[in-house]
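Subject: Structure handover

Hello,

Here is the structure I said I would pass on. Please open it before you read the notes below.

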Amino acid sequence: MSAAVPLAHNRGTRSVVVAGMGDSGVLTAMHLARRSSVVGVSMRPALVSGQEVGLRIAYPERWARDYRVEFGRMRRLDPVDIRHGEIIDLDHDRRTLRLRTPSGTVEAITYDALVIATGVANGFWRQPVLEDGDDVDIGLHGVHERLAHSQTIAIVGGGAAACSSAAQLRRRWPQKEVALYHPGELPLPRHHDRTRHKVARRLESLGVDRHGGHRAVLPTDADLGEIGTGSITCLTGQAAVDADAIVWAVGRVSPNTAWLPSDMLTDRGFVRVDADLGVPGYRGVFAVGDVADTDPLRGSARNRADRLVARNVLAHLDGCETRRYHPAEHRWGSVFGPSDNGLDVFSPNGIRFRFPRWTVDTLLQPLIVRRGIYGGVRRSGSVRRSGSALRNNDVRRS
């Protein structure tokens, strides 16, 4: 396939809708806005990242500084018309989707191309709920307060969210009993073995009571979305465990795709995609992030596929060839999140790179993330209303 078209041209009159303005959707919308008119549809009035859940529950104010950002603070979103609402359905024959706003009004938005980036529901930190800023605050601080008043905390799960939660809670409250229960001998089954061993040793050095080989009986999906209490029963024969607070981080994800046609989805509800992230049978529709069935790891959420899918959308609109997405073999990146010791990042082959704490606060976040990745983020309180790139296009109320 030929090289994709560049993004550094003026915006045209072609309309692209980005459904879902989480981590992947925001970056995709930024790239697309350079050459097309973009509408972004979001369940919340800000980017509320799904990253670093451990930092989120242990240090909510610090987490919010870097991972909750009002859309109007992001300079590259200025041209994007952001709609706050819940998507109801899609009519691809008419190239229209409908959404319900917080006031209950139903809007229909047409498109020339559509990017599905609605993500997944996963635990208490990622739920497909229409929220305003106050709702986000209540959820953020409510979980933290619940854990602050618990003396014994059990984390169930063996992925990065579980490991991060155990480590950050132990750092925040060293006097509390923090235990991690996971099914395998080592946590992080989809990471490189080097990473798995290093993470296990770090958890133990922090004083986390790690229990491998424990496969818990899971509660209902509704209960998985809350901080639990009571007992954990194991299918693997161990005695039941009591805890004041139970953090369910078991990786049971549910794709946010109820609004999509069933023939667009896999048996598990994820969006089927071709090698270029296009949806087969739906010309002009693409998917990226956790909702896209790209590979067993659904790695397009973590491998900067936002830039690739934006290039491919523009290539499609220009009648050009598209590029293939190449998934990573192992999960990689930060496991524990930032701490007083800095930030550890694990490569796909398990090599650890440490960023000292001073670089996180003075280089990584302000320069690499806010300026480099997001293209400039205004200070809090300096929010500019996002642009109305599609304000005059075909938007109908029903």
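To begin with one residue, Ser339 touches Arg62, Arg171 and Arg357, leaving out residues up to four places away in sequence. Please keep in mind that this is a predicted model. Ser339 belongs to the loop between β20 (333-334) and β21 (343-346). Is Ser339 buried or exposed? Its relative accessible area is 6%, and buried means under 20%, so Ser339 counts as buried.

Next, helix α3. One of the residues that Ser339 touches, Arg62, is among the buried residues of α3. The others buried in this helix are Pro60, Trp63, Ala64, Asp66 and Tyr67. That makes six of the eight residues of α3, and the helix is mostly covered. What lies over them? The cover of the buried α3 residues includes β3 (46-48), α2 (53-58), β4 (68-70), α4 (133-148) and α9.

The structure holds two aromatic pairs. Trp63 and Tyr67 make up a stacked pair, with 6.1 Å from centre to centre and 20° between the planes. Both residues are in helix α3 (residues 60-67), where they are four residues apart, or about one turn of the helix. An α-helix has 3.6 residues a turn, so residues three or four places apart point the same way. Trp63 and Tyr67 are both buried. Trp63 has a charged partner too: the charged end of Arg56 sits over its ring, 4.9 Å from the centre.

How are the rings of Phe124 and Trp125 arranged? Their centres are 5.1 Å apart and their planes stand at 75°, so this pair is edge-to-face. Phe124 and Trp125 are both buried. Elsewhere, the charged end of Lys176 sits over the ring of Trp173, at 5.1 Å from the ring centre.

Helix α2 is part of the cover of α3, and Ala58 is found in α2. Ala58 has a relative accessible area of 1%, so it is buried. Which residues does Ala58 contact, apart from its neighbours within four places in sequence? They are His144, Gln168, Leu169 and Arg172. Ala58 and Leu147 are 89 residues apart along the chain, yet 8.3 Å separates their C-alpha atoms.

Now helix α1 (residues 23-32). Ten of its ten residues are buried, so α1 is largely enclosed by the rest of the structure. Among these buried residues are Asp23, Gly25, Met30 and His31. Their cover includes β1 (15-19), β2 (37-42), β3, β9 (113-116), α8 (305-318) and α9. Strand β3 and helix α9 therefore appear in the cover of α1, and β3 and α9 are also listed for α3.

Last, the surface. Trp358, Leu363, Leu367 and Ile368 form a nonpolar patch there, with about 390 Å² of accessible area together. Ile368 is found in helix α9 (residues 357-373). Why is Ile368 called partly exposed? Its relative accessibility is 45%, and the partly exposed class runs between the buried limit of 20% and the exposed limit of 50%, so Ile368 falls in that class.

Regards

Technical notes:
Residues numbered from 1 in each chain as written. Predicted model: local features only at pLDDT ≥ 70, side-chain atom pairs only at ≥ 80, totals over all residues. Heavy atoms only, no water. Patch = residues over 30% accessible without salt bridge, like charges linked within 9 Å, V, L, I, M, F, W, Y side chains within 5 Å. Areas by Shrake-Rupley, 256 points an atom, 1.4 Å probe, with all protein chains shown as cover. Salt bridge = Lys/Arg side-chain N within 4 Å of Asp/Glu carboxyl O. Helix = DSSP H or I, 4+ residues; strand = E, 2+ residues; numbered from the N terminus. Buried < 20%, exposed > 50% of the residue type's maximum accessible area, 1.4 Å probe, protein only. Phe/Tyr/Trp six-rings, centres within 6.5 Å; stacked < 30°, edge-to-face > 60°. Lys NZ or Arg CZ within 6 Å of the ring centre and 35° of its normal. Contact = heavy atoms within 4.5 Å.
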